[in-house]
Amino acid sequence: MQALGLFGNIAAAQSLPSLPRNFGSGKSVVVLGAGIAGLTAAYELQQAGYTVHVLEARNRVGGRSWTVRDGDRIVMNGEADQVARFSEGAYFNAGPARIPSFHERLLGYCGKLGVPLEVEINSSRGAYIMGGDGRKQRMRVAINDTRGHIAELLTKAVNQGALDQSLTPEDKAALLPFLKTYGDLDDKGGFKGTLRSGFKTYPDAGVRSFAAPPEAVPLRDLLANEQLPATLFEDNVYMQATMFQPVGGMDRIAAGFQRALKRPVILNADVQRVRNGDRKVEVAFKDTRTGAMRSLSADYMVCTIPFPVLAKVDCDFAPPVAQAIKNVVYDHSNKVAFDAPRFWEKDQIFGGISFVGGDTSLVWYPSAGLFSPRGMLLACYSSGERAARFAQLPIAEQVERARAVVEKLHPGHGGECANGVAVNWNKIPYSLGPWPNWYAGMAGRQEGTIDTDPYRLLNQPAGRVIFAGAALSQTPGWQEGAIQSAHGAVADLANLQRADAVTQPTRIAA
Ligand SMILES: Cc1cc2nc3c(=O)[nH]c(=O)nc-3n(C[C@H](O)[C@H](O)[C@H](O)COP(=O)(O)OP(=O)(O)OC[C@H]3O[C@@H](n4cnc5c(N)ncnc54)[C@H](O)[C@@H]3O)c2cc1C
């Protein structure tokens, strides 16, 4: 098939092919999982004329794209169920919560499916960085005072000739005035403080009070705050303004897909067996409400079940594929959320994130419902090893630790955080983790650079089964990755069908 050019490479498989509306007519596809990848694949295959059945183990669509509202039950393996008690209209995005401007496929579907979006305020200069010793700085102070000191030092170095090897006289002439503006330096190149960091005295009416900047925080004190690097968070391209969120919760996107599917998703359908035949795929699934087993066959399968879950399903994949599935290691990630009166808004924080380090990592303020009486405060969102440790704590302790951090950051308000709930993604059935860590045990970033043998193998069709999901994209922690992978799956499936036309001509003729 490769010789015939019928299987595209990974890069080519990522774009959505433009298929005629009857391309798939007479052909059936079973899609396993109704997360963003499964829903996208189902929607696009439906558009290309396929008969599509989607099997979803949960009683809702969306998968990891999950919004918790008042009365919802949080079920975790090995833990007592938690029931969310949130005030009216409040919601908690337990999984995805923000969409960057450049995730155009996801934003495009929101437009196509009629999912209203609003701005997600991902950073606020009013929020804080707080060191382990409890000392905190407003973002605007940490960012602008650090910049002022660095500009002053660089100015000194240039003026003392320390950079003469690197800079021409013309470079120096251009750099010095830039540094003055960059750091808000005085005429002698010194940094004494800046109004960018706020006010020592606030401008008032008449001549009662003029605006004056606060004293510069000494560089030593800024550097002593181990959260100082978090001031660069908003420069990460995935985190840059403008970011978006669906109005009313991230699960509105999945709901949009659900509305657009002609054949309803089969919910409560826990897939337990997959048979990958020469001409058909067979799936057996349990109706989790009745316990009854049912089965379904189709020409092709798109499987989006997360790999740690799929590893436990009875499948007849070739041994290297089965081994690859078993070996994918998933990360840890936790969130803890509270329903609270908006005390942070009285402290002039409207959206954005305070970085606190430790096991809980951050406090994330809601972008929705500004100025309303109450809102959801995310008081823990951490991943990796510290999240693995945190998830071992009893749920009540996780909630109390998150509350204690809020109290340290916003003294007097920890007690106002009500009805805390914790989500440990590695304990969530049908997910068993937030995203894969393809380079587990190895240092370095994975986003954008994944190229391991198992990753390549699972990005190839296995017989009539095509794997898809954010896990098989360069951005396993983003919904956009799920969509890219689903688009790749549609392309691969079209190629499989073209290959069938070559290898099974009689069947096609029939
Ligand atoms: C904590 C957290 C924060 C995140 N933040 C962001 C963010 O801010 N922005 C962003 O864009 N993305 C974010 N993501 C990533 C995003 O949630 C995922 O990339 C995306 O939702 C994955 O979609 P998927 O379809 O690949 O997988 P899933 O959503 O996991 O879908 C798989 C589906 O398969 C179903 N399934 C499992 N087992 C079976 C079975 N046996 N039978 C039938 N069905 C089964 C599951 O129930 C599920 O519905 C975050 C994820 C997490 C966990």
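**Helix α2**

In this predicted model, helix α2 covers residues 36-47, twelve in number. From first C-alpha to last, α2 reaches 16 Å. That is close to the 16 Å expected at 1.5 Å a residue. After α2 comes Gly-49, with a positive phi near 95 degrees.

**Burial and packing of α2**

The helix is mostly covered, with eleven of its twelve residues buried. Buried means under 20% relative accessible area here. The buried stretch begins with Ile-36, Ala-37, Gly-38 and Leu-39. Thr-40, Ala-41, Ala-42 and Tyr-43 are buried too, as are Glu-44, Leu-45 and Gln-46.

These buried residues pack against both strands and helices. The strands are β1 (28-32), β2 (51-55) and β15 (300-303). The helices are α3 (104-113), α7 (251-260) and α14 (479-503).

**The four-stranded sheet**

β1, β2 and β15 also belong to an open sheet of four strands. The order is β2-β1-β15-β22, and the pairing is parallel. β2 and β22 (465-467) each have a single partner strand, so one side of each edge strand lacks a neighbour in the sheet. Neighbouring strands are turned by 20 degrees against each other on average, direction ignored.

Five bridges join β1 and β2 in the parallel sense. Across this pair, Val-31 stands opposite Val-54 in β2.

**α14 on the sheet**

α14 packs on the sheet and touches β1, β15 and β22. The direction of α14 makes about 160 degrees with that of β15. α14 is also one of the elements against which the buried residues of α2 pack.

Methods
Residues numbered from 1 in each chain as written. Predicted model: local features only at pLDDT ≥ 70, side-chain atom pairs only at ≥ 80, totals over all residues. Heavy atoms only, no water. Helix = DSSP H or I, 4+ residues; strand = E, 2+ residues; numbered from the N terminus. Expected span 1.5 Å × (residues − 1). Buried < 20%, exposed > 50% of the residue type's maximum accessible area, 1.4 Å probe, protein only. Contact = heavy atoms within 4.5 Å. Pairing = 2+ DSSP bridges. Axes fitted to C-alpha atoms, helices over the stretch in contact; angles between N-to-C directions.
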